Amino acid sequence: MENLIEINIKSLNQTVSQALGEFLVELDRAKFSDIKILKVITGYGSHGKGGEIKKALEQLLNKLKREHQIKDYFKGETITKQKIIELSRICPELLLTSDLNYNSGITLVLV
């Protein structure tokens, strides 16, 4: 059974609100399944919207963590090989993911 799903919320045509809404739908789905980690692709902002989405997602994740609706989250630029090894105890699929190390366009969310 898969413990990790990837969602891409950086569509060039959607607003920040639409991107966050898409994330919340996927988070709800994950909570009612065996998904342990969401790999959220936000982009890193080089073309405008990615940066806005990334900032808004971080604010939302801070709120969700304070309210105990998620366990934790890790911004891509803070994800080290050691962190991947630690998280792979929860979700072994992370060891097969090659784009995590210091990738500022990705956020991992522990459901």
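Salt bridges and exposure classes

Reader: Why is Lys83 called partly exposed in this predicted model?
Author: Lys83 has a relative accessibility of 21%, and because partly exposed covers the range between the buried class, under 20%, and the exposed class, over 50%, Lys83 counts as partly exposed.

Reader: What makes the contact between Lys83 and Glu86 a salt bridge?
Author: The closest N and O atoms of Lys83 and Glu86 are 3.2 Å apart, and since the criterion asks for a Lys or Arg side-chain nitrogen within 4 Å of an Asp or Glu carboxyl oxygen, the pair qualifies as a salt bridge. The two residues are three positions apart in helix H3, and so about one helical turn separates them.

Reader: Which residues do salt bridges with shared partners join into one network?
Author: The network consists of Lys54, Glu58, Lys75 and Glu77.

Reader: How do you know that Glu77 and Lys54 form a salt bridge?
Author: Their N to O distance is 3.1 Å, which satisfies the limit of within 4 Å. This pair links distant parts of the chain, with Glu77 in the loop between strand E3 and helix H3 and Lys54 in helix H2, 23 residues apart.

Reader: Why is Lys54 called buried, and why is Glu77 called partly exposed?
Author: The relative accessible area of Lys54 is 15%, which falls under the 20% limit for buried residues, whereas Glu77, at 30%, falls between the 20% and 50% limits and is therefore partly exposed.

Definitions and conventions. Residues numbered from 1 in each chain as written. Predicted model: local features only at pLDDT ≥ 70, side-chain atom pairs only at ≥ 80, totals over all residues. Heavy atoms only, no water. Helix = DSSP H or I, 4+ residues; strand = E, 2+ residues; numbered from the N terminus. Buried < 20%, exposed > 50% of the residue type's maximum accessible area, 1.4 Å probe, protein only.
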